[in-house]
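Okay, thanks for making time for this. I'd like to walk you through one model today, so have a look at it first and then we'll go through it together.

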Amino acid sequence: MNFNERIFSRWFIIISSMIIIVLVLGNTSIFFEQIKQNERSKMQIWVSAFSELIKADANEALGPLIIPVINTNNTTPMIIYTVKEDIYETKNIPKEKIETRAEIEALVEEFKSQNTPIEATDKDEVLSIVYYGDSSILNTLKYFPLVVLLIILLFVVIVYYFYATSKTSEQNKLWAGMAKETAHQIGTPLSSLVGWLQILKDENTNPAYLEEIQKDIDRLRMITERFSKIGSVPKLEKTDIVEATRDSYEYLKVRSSKLIEFSLDLPDEKTYVMLNKQLYSWTIENLVSNAIDAMRGRGKLEIELVRSQKWIRIFISDTGKGISTSNYQKIFIPGETSKKRGWGLGLSLAKRIIEQYHQGKIKVFKSELGKGTTFEIKLKKIEG
């Protein structure tokens, strides 16, 4: 599915959902009014029958015909107010709701807000006033649109979840494929470099030069292995995090600008975590590289390792331009970068390496614009 098809399908789902919501709400409203009108018609019949019953003599034959009509309504809650006696009678209302006259009068006001009262008259004289509320069917129907909305909302959330999941999965496959292809492409010139190094050795080239070339070849090998691991589950081994951090620090310090003042604060004792050393080193390099860019090649960079009972916390601090609070999470999104060059993948890869592969945490610990940023990595400590 191409980009335009995705946009079309997304808007199709949104518009379809809105149309469904409007149709459901509109039909529900019409249905509600129809039932309400039917309820009123039944109540008018009931009041008419009740009015005739009041006027009828007990010995008349009309009474037995009216009483069944009166008794058929056993769902609509109602209060009958007899004007002359100034008394209230109730029907289809639980007794605990109407224990006092004040409670009855309060319920009368509630019923008046729901439905217009119906008067039972005799020759223009009002005998009784019937106040009635919505039946249980109408009360249930009131919440029906909310239920439908919740169902539609759930449907939209599910659709969005599957869309986002499939998109993320597609992106992950893309990054993994690119990483593996990069590793494959590096492999060819790397093999050639190894051959050239052997030729230089045979030509009695300065050993100091050869040593530096060998270091860079080893470095390229490590980079190749790193890229080849993206998209697959890396092997974690019990590793001294102090030594691993020091190794990364030493490598970066030698190859960074002399205008960067490096500082390393590590405990003396060995401290162990489950680690893939190559990927961890890659993470440290990404963070340090970002820090150096933020300082524009001049400033102070500090790496500190702090131990607690369960966690190892690695802090990487710089004196660069800082990060605004609103960007704390955004910087870990693939493609998000403030640099003129680069793809914005470094921090997203660091997050993936630490959180997905090592079950740890990485975040912006603190930052202040114009003063610098501190990143924090948390890894679970294991017994030595």
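**A walk through the model**

Let me start with a small detail: Arg296, which comes just after helix H8, has a positive phi of about 55°. When I say helix or strand, I mean DSSP runs, numbered from the N terminus, with H or I over at least four residues for helices and E over at least two for strands.

Now the ground rules. This is a predicted model, so local features need pLDDT of at least 70 and side-chain atom pairs count only at pLDDT 80 or more, while totals for chains, interfaces and linings use all residues. Residues are numbered from 1 along each chain as its sequence is written, and side-chain values use heavy atoms, with hydrogens and water left out.

How confident is the predictor? The mean pLDDT of the protein is 81, with 82% of its residues at 70 or more; pLDDT is the predictor's confidence in each residue, from 0 to 100. Among the elements, helix H2 (residues 62-72) has the lowest mean, 66, and S9 the highest, 96.

Overall, we've got nine helices and eleven strands. Of the 384 residues, 34% are buried, and here buried means under 20% relative accessible area, exposed over 50%, and partly exposed in between, with a 1.4 Å probe and protein chains only. Then contacts, meaning heavy atoms within 4.5 Å: taking those between residues at least 6 apart in sequence, 67% join residues at least 24 apart.

**Helix H8**

Back to H8, then. This helix covers residues 277-294, so 18 residues, and spans 26 Å from first C-alpha to last, close to the 26 Å expected at 1.5 Å a residue. That expected span is 1.5 Å times one less than the number of residues. Why do I call H8 largely enclosed by the rest of the structure? Because 13 of its 18 residues are buried.

Leu287 is one to click on, and it sits in H8. At 1% relative accessibility, Leu287 is buried. Leaving out residues up to four places away in sequence, Leu287 touches Ile316, Leu347, Ile362, Phe375 and Ile377. Leu287 and Thr374 are 87 residues apart along the chain, yet their C-alpha atoms are separated by 9.8 Å.

**The four-stranded sheet**

Next, rotate round to the open sheet of four strands, in the order S2-S1-S4-S3, with antiparallel pairing. The edges are S2 and strand S3 (118-122), each of which pairs on one side only. On average, neighbouring strands here are turned by 20° against each other, direction ignored. Pairing means that DSSP finds at least two bridges between two strands.

S3 and strand S4 (residues 125-132) run antiparallel and are joined by five bridges. Which residue in S4 is the bridge partner of Ala120? That's Ser128.

Helix H3 lies across S1, S2 and S4, and runs at about 110° to S1. For those angles, axes are lines fitted to C-alpha atoms, for helices over the stretch in contact, and values run from 0 to 180 degrees between N-to-C directions.

**Salt bridges**

Last topic. How many salt bridges does the structure hold? Twelve, counting a side-chain nitrogen of Lys or Arg within 4 Å of a carboxyl oxygen of Asp or Glu.

One of them joins Asp86 to Arg101, with the closest N and O atoms 3.1 Å apart. Asp86 is in the loop between strand S1 (78-82) and strand S2 (87-91), while Arg101 is in H3 (residues 101-114), so this pair, 15 residues apart, links distant parts of the chain. Asp86 is partly exposed at 36%, and Arg101 is partly exposed at 38%. Bring in Glu105 as well, and Asp86, Arg101 and Glu105 form a salt-bridge network.

Another one is Glu376 with Arg313, at 2.5 Å, N to O. Glu376 belongs to strand S11 (residues 372-382) and Arg313 to strand S9 (residues 311-318), so the pair ties together parts that are 63 residues apart in sequence. Is each partner buried or partly exposed? Glu376 is buried, at 2%, whereas Arg313 is partly exposed, at 27%.

And then Glu269 and Arg307 meet in a salt bridge at 3.1 Å, N to O. Glu269 is in the loop between strand S6 (260-265) and strand S7 (272-275), and Arg307 is in strand S8 (residues 299-307), so parts 38 residues apart in sequence are tied together. Glu269 is partly exposed at 44%, and so is Arg307, at 34%.

That's the tour.
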